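The exercises below invite the reader to work through a protein model in small steps. Please look at the sequence and the structure before turning to the tasks.

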Amino acid sequence: MIRVLIVDDQMMVREGFSVLLGAMPDIEVVGEAVNGREAVAQVAALRPDVVLMDIRMPELNGIEATREIVAADAAAKVLVLTTFDLDEYVYQALRAGASGFLLKDASARQLADGVRVVAAGEALLAPTVTKRLITEFAKSAAASPRPPAIAQIGELTERETEVLVLIAQGLSNAEIADHLVVAESTIKTHVSRILVKLGLRDRTQAAVFAYEARLVRVGG
């Protein structure tokens, strides 16, 4: 069972998501929170597998709450909820440690699949999000005055750098394996080594790193 905590300041949204996810045989809603501060406390108490996190909330917004949750537990997985697919805060949430984001108007199936995807740690973003969107949010990284240390990038092998770029383009392990004509288990090994060498927690953070390191051309 995938244990989920729902965080949103609107009761109807929380109840709606709770009903939709509760109907899934492999997902259990273990709690709800009405703001970021309560979310941080609930995560510490309940240890959910996935946190569905709204961005705009009182007391403590979703970005700051995500940052605190991830800082306290590196294994925590946060799936950010947003009303607009080009929400200016989504990229900030990814940088804060979110594992992906999903639109609030997603269908029940898309919502459940998004939770499963994040819980498995296999994909960068939920199904409703296109590669175009991460490119949009990456533009802010391109203007960042603090790119990652060149020394860190230099620790990667040529193949690992190639895999990192493909991760940033939104490809799954299976898709990367097909692209490079190797076994999926080989890609999983490369991904694990990339995360260790760069000191990153998951493939979403690896994708953010790739954009900030200018390994992926923005706007193409």
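What follows is a set of exercises, each with a worked solution.

This is a predicted model, in which local features need pLDDT of at least 70 and side-chain atom pairs count only at pLDDT 80 or more, while totals for chains, interfaces and linings use all residues. Residues are numbered from 1 along each chain as its sequence is written, and side-chain values use heavy atoms, with hydrogens and water left out.

**Exercise 1. The overall picture**

Task: State how many helices and strands the protein has, and what share of its residues is buried.

Solution. Begin with the elements: the protein contains eleven helices and five strands. Helices (H or I, at least four residues) and strands (E, at least two) are DSSP runs, numbered from the N terminus. Next, of the 220 residues in the protein, 48% are buried. Buried means under 20% relative accessible area and exposed over 50%, with partly exposed in between (1.4 Å probe, protein chains only). Finally, consider contacts, defined as heavy atoms within 4.5 Å. Among the contacts in the protein with a separation of 6 or more, 69% are between residues 24 or more positions apart.

**Exercise 2. Strand β3 and its partners**

Task: Determine which strands are joined to β3 by bridges and how many residues of β3 are buried.

Solution. First, take one partner: strand β1 (residues 2–7) is joined to β3 by four bridges, and the two run parallel. Within this pair, V7 stands opposite M53 of β3. Second, take the other: β3 and strand β4 (residues 78–82) also run parallel, with four bridges between them. Here L52 has L79 in β4 as its bridge partner. Two strands pair if DSSP finds at least two bridges between them.

Third, turn to burial. Strand β3 (residues 50–54) has five of its five residues buried. In a regular strand the side chains alternate between the two faces of the sheet. In β3 both faces are covered, with V50, L52 and D54 buried on one side and V51 and M53 on the other.

Fourth, follow the chain onward: β3, helix α3 (residues 62–72) and β4 form a right-handed β-α-β unit. A crossover is right-handed if, with the strands pointing away from the viewer, the path from the first strand over the helix to the second runs clockwise.

**Exercise 3. V51 and T66**

Task: Decide whether V51 is buried or exposed, and do likewise for T66.

Solution. V51 belongs to strand β3, and it counts as buried because its relative accessibility is 1%. Leaving aside neighbours within four places in sequence, V51 is in contact with L5, V7, V43, K77, V78 and L79. T66 belongs to helix α3, and it is buried because its relative accessible area is 0%. Not counting residues up to four places away in sequence, T66 touches M53, V78, A93, A96, G97 and A98.

**Exercise 4. E160**

Task: Place E160 in its element and find which backbone nitrogen lies 2.9 Å from a polar atom of its side chain.

Solution. E160 lies in helix α8 (residues 158–168). At 3% relative accessibility, E160 is buried. The backbone nitrogen in question is that of T157. Beyond residues up to four places away in sequence, E160 touches E155, H190, R193, I194 and K197.

**Exercise 5. Positive phi values**

Task: For E59 and V181, state where each lies and whether each is buried or exposed.

Solution. Start from the general background: most residues other than glycine have a negative phi. E59 has a positive phi, near 70 degrees. E59 sits in the loop between β3 and α3, and it counts as exposed because its relative accessibility is 68%. V181 also has a positive phi, near 55 degrees. V181 sits in the loop between α9 (173–180) and α10 (184–198), and it counts as exposed because its relative accessibility is 70%.

**Exercise 6. A pair across the sequence**

Task: Find how far apart T82 and K104 are in space, C-alpha to C-alpha.

Solution. T82 is in strand β4 and, at 2% relative accessibility, is buried. T82 and K104 are 22 residues apart in sequence, and their C-alpha atoms are 5.7 Å apart in space.

Definitions and conventions:
A polar contact is a pair of N or O atoms within 3.5 Å; within protein, one must be able to donate a hydrogen and the other to accept it, and residues adjacent in sequence count only if both atoms are side-chain atoms.
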